[in-house]
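Me: I would like to go through this structure by question and answer, with the reasoning kept short.

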Amino acid sequence: MTFAAPYADLKLDETQLRAYFALMDVAGLLRHKVEQQLRAAADLTYVQFKVLARLGLDSPTGSLRMTELADEVVYSRSGLTYQAGQMEEAGWVERGPSLDDDRGVTVTITDAGRERLTQALPGHVEVLRELLFATLTKSDVRALTGLLEPVLDHIRAGPPRSATPRRRRAAGPKS
C-alpha cells in the first residue's frame, strides 16, 4: 500500500495494515459482545470479570498483590484501586496487607466472588466459542496463540500501564 503525502515515508505495508485493522476490529467487536454477556449473566464489567478470573482461575491462593493485578489486567493502579473498592463493597474480594511487603496490598477473591465468576463463565465461554473459535481449527488456535503471545510479551516488556505517570491537566483560567 502506498500512503498519500505527507505519509509516504511511513513503513507499513498493506498486509501489516490489514492485519492491524483486523486485530483491532476483532478485539473491539469481541469485547463488546463479551461485555454484553457479562452484564446480562452476572452484572459484571469486563475489568471486574478479569480481576475475578485472575484471582479465581489463575492464582492458586486466590490472592494477588494490587500492583501485580493491575499489571496483569492492564489497568491503572488508581483505576484498580477504585474497582477493588467497588468489588470489596459488593463482597466479591477482600483487601488486606501484603504478607511480604508492609507497603503492599493483597486482593483475595471471596466465596461470593467465586459464585459471581461461576455465574459468568458458562455464557462467557459460549461467546468465545461462537465468535472467536467457531471458524478456527485447533491448529489455527495454536498458530494464533503463537503469533500473539510474543507480541504481548514484547509490549509487556516495557513499563506496565500501572507504572505510567498520570498526566496532569493544564490549569485553566479560573472563573
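Me: How many bridges join β1 to strand β3?
Reply: This is a predicted model. β3 covers residues 105-109, and β1 and β3 run antiparallel. Ser63 stands opposite Thr108 in β3, and the bridge partner of Arg65 is Thr106. The number of bridges joining β1 to β3 is 3.

Me: How many bridges join β2 to β3?
Reply: Strands of a sheet pair through backbone hydrogen bonds, either parallel or antiparallel. β2 and β3 run antiparallel. Pro97 stands opposite Val105 in β3. The count of bridges between β2 and β3 is 5.

Me: What is the order of the strands in the open sheet?
Reply: The sheet has 3 strands with antiparallel pairing. β1 (63-65) and β2 (93-97) each pair on one side only, which makes them the edge strands. Neighbouring strands are turned by 25° against each other on average, direction ignored. The order is β1-β3-β2.

Me: Which helix lies across β1, β2 and β3?
Reply: The protein has 6 helices and 3 strands. From the N terminus on, its elements run α-α-β-α-α-β-β-α-α. The helix in question runs at about 80° to β3, and it is α2.

Me: Is Arg54 buried or exposed?
Reply: Arg54 lies in helix α2. Beyond its neighbours within four places in sequence, Arg54 is in contact with Ser59, Leu64, Glu68, Leu69, Glu72 and Val73. The relative accessibility of Arg54 is 14%, and the limit for burial is under 20%. Arg54 therefore counts as buried.

Me: Which residues does Gln37 touch, not counting those up to four places away in sequence?
Reply: Gln37 lies in helix α1. Gln37 counts as buried because its relative accessibility is 11%, where burial means under 20%. The residues that Gln37 touches are Ala120, Gly123, His124 and Val127.

Me: How far apart in space are Gly79 and Val47, C-alpha to C-alpha?
Reply: Gly79 is found in helix α4 and is buried, with a relative accessible area of 13%. In sequence, Gly79 and Val47 are 32 residues apart. In space, their C-alpha to C-alpha distance is 9.8 Å.

Me: What value is phi of Asp43 near?
Reply: Asp43 is placed in the loop between α1 and α2, and at 46% relative accessibility it counts as partly exposed. Most residues other than glycine have a negative phi. Asp43 has a positive value, near 50°.

Me: Which residues lie nearest the centre of the largest pocket?
Reply: The largest pocket holds about 2200 Å³ of space. Its lining comprises 48 residues. Elements that give two or more residues to this lining are α1 (14-42), α2 (46-58), α3 (66-72), α5 (111-133) and α6 (138-156). Nearest the centre lie Ala27, Tyr46, Lys50, Leu148 and Leu152.

Me: How many residues of the lining of the largest pocket are nonpolar?
Reply: The lining residues divide into three classes, nonpolar, polar and charged. The polar class has 6 residues and the charged class has 11. The nonpolar class has 31.

Me: Which element supplies the largest share of the lining of the second largest pocket?
Reply: The second largest pocket has a volume of about 160 Å³. Among its lining residues are Arg65, Arg77, Asp101 and Val105. α3 and α4 (77-90) each supply at least two residues of the lining. The largest share is 3 residues, and it comes from α3.

Me: How many charged residues are in the lining of the second largest pocket?
Reply: The lining includes Met66, Thr67, Ala70, Thr81, Arg103 and Gly104. By class, 3 of the lining residues are nonpolar and 3 are polar. The number of charged residues is 4.

Me: What percentage of the residues of the protein count as buried?
Reply: The protein has 175 residues. Burial requires a relative accessible area under 20%. Gln37, at 11%, is one residue that counts as buried. Over the protein, the buried share is 26%.

Me: What share of the contacts with a separation of 6 or more comes from residues 24 or more positions apart?
Reply: Contact here means heavy atoms within 4.5 Å. The share is taken over contacts in the protein with a separation of 6 or more. Residues 24 or more positions apart account for 55%.

Note on methods: Residues numbered from 1 in each chain as written. Predicted model: local features only at pLDDT ≥ 70, side-chain atom pairs only at ≥ 80, totals over all residues. Heavy atoms only, no water. 1 Å grid on protein atoms, 1.4 Å probe; cavity = no way out; pocket = protein on both sides within 12 Å on 5 of 7 lines; lining within 4 Å. Points joined across faces, edges and corners; volume = space filled by probe spheres on them. Helix = DSSP H or I, 4+ residues; strand = E, 2+ residues; numbered from the N terminus. Nonpolar A, V, L, I, M, F, W, Y, C, P; charged D, E, K, R; others polar. Pairing = 2+ DSSP bridges. Axes fitted to C-alpha atoms, helices over the stretch in contact; angles between N-to-C directions. Buried < 20%, exposed > 50% of the residue type's maximum accessible area, 1.4 Å probe, protein only.
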